[in-house]
Amino acid sequence: YHFDKANVVLALDADFMAQGAGSVRYARDFVSRRRLTGSDTQMNRLYAVECTPSCTGTSADHHLPVRASEMESFTRGVAAKLGIGAAPALPAQQSKWADAIAKDLLRNKGAAVAVAGESQSPAVHALAHAINQAIGAVGTTVTYTEPVEPVSSDQFVAMRDLAQALDAEQVD
């Protein structure tokens, strides 16, 4: 994620400033858009929709607590406002939020990003990817890369092989 290029950030139960491998960089990049220096007169906006209070949520301009059981339907609601799939029935407050978020994301097409939290379901992650595609984030505020683990392997087998190599004094 390139939070330093995002005018609008939607965190879907994502504590990107405090958890995960890129959290320090993400926090720095996000905060860099909060400092008004020189002729800069506009800060980024953060919408935090979360099931559990988080460090990222405390920095949010707009904070909506939802039940864990509601996160997928809320995300589907935002996606539907962007033309992705059918709109679910949402409570009135969540529907207003989904509408406002979708409008803000579209107003900032190419300069917005949606981030799904690590504990969210595959469906929420897939919807976040679809949202990012719809708002022009891919290639601007989102860059897809190859997985960090270059060779997928069974770690237990690898540890056993290493232990055997150590016992045979093939490695030290």
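# Salt bridges and sheet edges, term by term

Author: In this predicted model, Asp104 counts as buried, at 2% relative accessibility.

Reader: Why is Asp104 called buried?

Author: Buried means under 20% relative accessible area. Asp104 comes in at 2%, so the label buried applies.

Reader: And what makes Asp104 and Arg45 a salt bridge?

Author: The cut-off is 4 Å between a side-chain nitrogen of Lys or Arg and a carboxyl oxygen of Asp or Glu. For Asp104 and Arg45, the closest N and O atoms are 2.8 Å apart, so the pair meets the rule. This bridge links distant parts of the chain: Asp104 sits in helix H4 and Arg45 in strand E2, 59 residues apart.

Reader: How do you know that Asp61 is partly exposed?

Author: Partly exposed covers the range between under 20% and over 50%. Asp61 has a relative accessible area of 33%, so it falls in that range. Asp61 also forms a salt bridge with Arg34, with the closest N and O atoms 2.9 Å apart. Arg34 lies in the loop between helix H1 and E2, and Asp61 in the loop between helix H2 and E3, so the pair ties together parts 27 residues apart in sequence.

Reader: What makes E2 and E3 paired strands?

Author: Pairing takes at least two bridges. E2 and E3 are joined by 4, so they qualify, and they run parallel. Val49, for instance, has Leu64 in E3 as its bridge partner.

Reader: Why do E3 and E4 count as edges?

Author: The open sheet has the order E3-E2-E1-E4. E3 and E4 each have a single partner strand, so one side of each is left without a neighbour in the sheet.

Conventions
Residues are numbered from 1 along each chain as its sequence is written. This is a predicted model: local features need pLDDT of at least 70, side-chain atom pairs count only at pLDDT 80 or more; totals for chains, interfaces and linings use all residues. Side-chain values use heavy atoms; hydrogens and water are left out. Helices (H or I, at least four residues) and strands (E, at least two) are DSSP runs, numbered from the N terminus. Buried means under 20% relative accessible area, exposed over 50%, partly exposed in between (1.4 Å probe, protein chains only).
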